[in-house]
Amino acid sequence: YNLSASDSSPCVVLKFKTCTIMLDCSLDLASLNHFLPVSLTQQQRILNLPHFPVKDEFGNTIQMMELKECSGKVFVDGDLEFNLPETDLIDLSTIDVILISNSNTMLALPYITEYTGFQGIVYATEPTIQIGRLLMEELVQYCHGCSTNKNVGGWKQKKYYQQLPGQGKTWNENLLSWRHCYSQDDVHNAVSKIQMVGYAEALSIFGALNVTAYSSGYALGSCNWLIGTEFEKVAYISGSSSLITPHPQPLDQQPLQGCDVLVYTGLSNAPQFNPDNTLAEFCCCLAKTVKAGGNALIPCLPSGLIYDLLECLLLYMEKSNIINIPIYLISPSAKASLALSQIYAEWLHPNKQNKAYLPETPFPHDQLIELGRLKVFSSIHDGLSYGFKKPCIVFAGHPSLRMGDAVHFVEMWGKSPLNSIIFVEPNFSHLEALAPYQPLEARAFHFPIDTRSNHKVASRMIDGLKPRRVVVPPSYMAPPVEAPHRTELKLELESPVETMERSTVRRLKVERVYEKVDLEPDVSMIVLKVNLKTGVLVAPMSALSSSRNNKHLLKPIYKRVPVSNVSRKRKYHDEITHRPMVCGNLNVDTFVEALKLEGYNDVKVESSSSGKIIMLQDTVIQIEEGSTHIVCEGNETLRVKLRDILLQSLNSH
């Protein structure tokens with residue numbers, strides 16, 4: 001089941017061996033592009049924007065207060081809304097387990113755990129839990145702290161949004177799934193349902209499946225998931241990176257080899273940009289801006305990419321002799337995020353881990369804060385005005401430029417061509433982000449840094465894993481619509497590929513051939529293996545089958561037998577029985593000779609349509625392929641004797 005709101009916001013549900021597993025629950029933030037920025041103080045420029053006129057069902061022109069026009073585009077003036085994963089394709093209360101790959105793919109978790117009747121378990125690594133919690137708390141503070149308290153929604157009617165210039169067609173698909181931000185209590189309750197898991201730690205799901213997390217090399221604590229049994233494997237890869245320069249642990253792909261199905265999501269959103277080259281251009285652009293006397297604003301998230309950006313930027317500033325330029329990091333979660341990056345040394349790249357044993361901090365953040373070169377604030381109202389120096393470099397949220405302190409800086413610095421707004425987050429469109437601020441005199445630069453695998457690297461990785469079948473979003477198999485000539489921007493795979501469109505169901509061809517069964521010690525002691533042919537051993541047995549919690553167990557069969565020593569108080573005891581299993585084809589001539597040796601001389605053999613019939617006194621023995629029937633008119637003693645003669649003529653184990 002593909003519940004993803006978009007191909008870049010994965011949310012997939014897998015049903016396998018009576019278990020229902022959700023793989024990631026991303027929140028699509030592209031819906032923010034249709035809203036005007038919100039901030040603590042009302043911006044006069046936004047208040048003065050003209051309303052967009054629409055016509056009602058009678059053809060009369062009306063002014064919808066929530067629709068405003070800016071530079072030829074229409075925006076919603078109201079509380080921000082987010083595009084949720086599909087909720088009607090499957091009953092989300094039936095989900096048993098949610099597996100989270102990284103902190104960016106869990107932002108929709110409170111919507112699922114608190115509003116759908118979800119009663120299952122959520123698994124994620126410890127850094128993913130803590131950083132994801134910070135990102136969700138930041139969203140809550142941005143949205144509820146700057147709420148406009150405008151109850152808008154009339155524009156969502158089809159008769160109105162279809163009149164929007166060139167935009168209505170892109171809204172109607174997901175419009176009904178848009179929701180306002182969750183609350184702080186929702187975040188707390190959702191996080192309380194998450195259980196921590198370590199890399200390579202096998203977890204049992206109701207005894208039916210095992211799930212294991214392996215490092216994806218993308219972010220702190222990010223992982224890929226392996227789901228299956230001893231005989232079937234389904235791999236889920238989301239946001240993997242094979243680069244060796246970033247801070248996370250390297251990609252661990254060996255356990256994913258030879259899986260039956262590989263579900264691949266989280267390709268790079270900037271495949272045409274080399275991360276190392278783009279990072280160098282970013283630092284160079286910053287240096288030019290501040291040397292010219294301008295200020296630089298970098299809208300970003302408080303975790304992930306910011307760790308590497310700060311470290312590389314500070315090294316570049318030392319080489320460029322601009323160490324006196326102050327750097328400000330402004331976010332409600334900034335201090336906590338920087339602290340988390342220092343204490344999770346075991347989740348970092350070995351080069352970073354080694355520093356923790358020297359002892360040194362893995363990142364230089366703490367030393368730079370002590371030296372005053374890096375200043376961290378929770379908001380612009382957290383004492384920023386005291387000692388604020390320009391020119392400067394400011395990292396602030398939110399990358400969408402629809403909320404957070406970055407909105408204030410764009411309004412303040414956007415009127416000067418000396419200033420720069422530099423976009424580095426690959427999941428947000430810089431053109432859409434700046435649309436409600438036009439006309440803008442400040443220079444805008446786009447240096448998206450995405451360490452996730454691009455199409456070429458992903459194709460090589462998938463082919464190396466040799467899966468039997470690959471499942472990917474449809475956009476991965478074709479060049480981008482805006483660049484159809486870029487044929488290298490698509491996956492080219494050797495394995496069979498299935499695409500999963502939004503709100504669709506795909507039946508994966510994973511054939512269950514074997515099932516694991518455990519033996520009790522008493523049963524294993526009486527098992528006698530027989531070499532059937534080269535490389536094949538057969539071990540017939542008589543046992544009781546017991547199944548509980550998807551675990552299968554063979555127990556011995558006991559029968560009560562008399563005790564030989566009559567002086568004991570117990571006259572009977574339990575003894576393990578074994579019913580011989582017979583195999584092979586019955587040779588009629590041999591069987592007749594055995595009957596004659598036992599004194600049955602009056603034996604007649606006749607042929608029938610299905611085999612042979614042996615006439616013996618008042619007894620009939622019907623011999624067919626695979627079965628023999630003895631009909632002896634109720635003479636049980638005779639039947640048992642004939643049965644024993646028959647068994648002696650067959651191979652038994």
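**Note on strands, a helix and an annotated region**

1. At the start of helix 14, which spans residues 455-465, the backbone nitrogen of K456 has a side-chain oxygen of N454 within 3.3 Å. This contact, like everything else in the note, is read from a predicted model. Just beyond the other end of helix 14 comes K466, and the phi of K466 is positive, near 55°.

2. Which residues of helix 14 are buried? They are H455, A458, S459, M461, I462, D463 and L465, and these buried residues pack against three strands, namely strand 14, strand 15 and strand 22.

3. Strand 15, made up of residues 261-265, is mostly covered, with five of its five residues buried. The covering applies to both faces of strand 15, since V261, V263 and T265 are buried on one side, while L262 and Y264 are buried on the other.

4. Strand 15 pairs with strand 14 (residues 233-238), to which it runs parallel and is joined by five bridges; within this pairing, V234 has V261 of strand 15 as its bridge partner. Strand 15 also pairs in the parallel sense with strand 22 (residues 470-472), here over two bridges, and in this case L262 is matched with V470 of strand 22. The residues V261 and L262, named in these two pairings, lie on opposite sides of strand 15, and both are buried.

5. The UniProt record, which is an unreviewed entry, carries the annotation "domain: Beta-Casp" for residues 306-434. In the model, the chain over residues 306-434 is 40% helix and 12% strand, and its end C-alpha atoms lie 21 Å apart.

6. Further along the chain, strand 34 (residues 619-624) has one covered face and one uncovered face: T619, I621 and I623 make up the covered face, whereas V620, Q622 and E624 make up the uncovered one.

7. Strand 34 runs antiparallel to strand 33 (residues 611-616), and six bridges join the two, with G611 having E624 of strand 34 as its bridge partner. Strand 33 and strand 34 form a hairpin that has two residues between the strands, and in its turn Q617 has a positive phi of about 50°.

8. Strand 34 also pairs with strand 35 (residues 627-631), again in the antiparallel sense and over five bridges. Here I621, a residue of the covered face of strand 34, stands opposite I630 in strand 35. The hairpin of strand 34 and strand 35 likewise has two residues between the strands, and G626 takes a positive phi near 90° there.

Notes:
Residues numbered from 1 in each chain as written. Predicted model: local features only at pLDDT ≥ 70, side-chain atom pairs only at ≥ 80, totals over all residues. Heavy atoms only, no water. Buried < 20%, exposed > 50% of the residue type's maximum accessible area, 1.4 Å probe, protein only. Helix = DSSP H or I, 4+ residues; strand = E, 2+ residues; numbered from the N terminus. Pairing = 2+ DSSP bridges. Contact = heavy atoms within 4.5 Å. Polar contact = N/O pair within 3.5 Å; in protein donor to acceptor, adjacent residues only side chain to side chain. UniProt positions renumbered as here; feature names shortened; annotations may be inferred.
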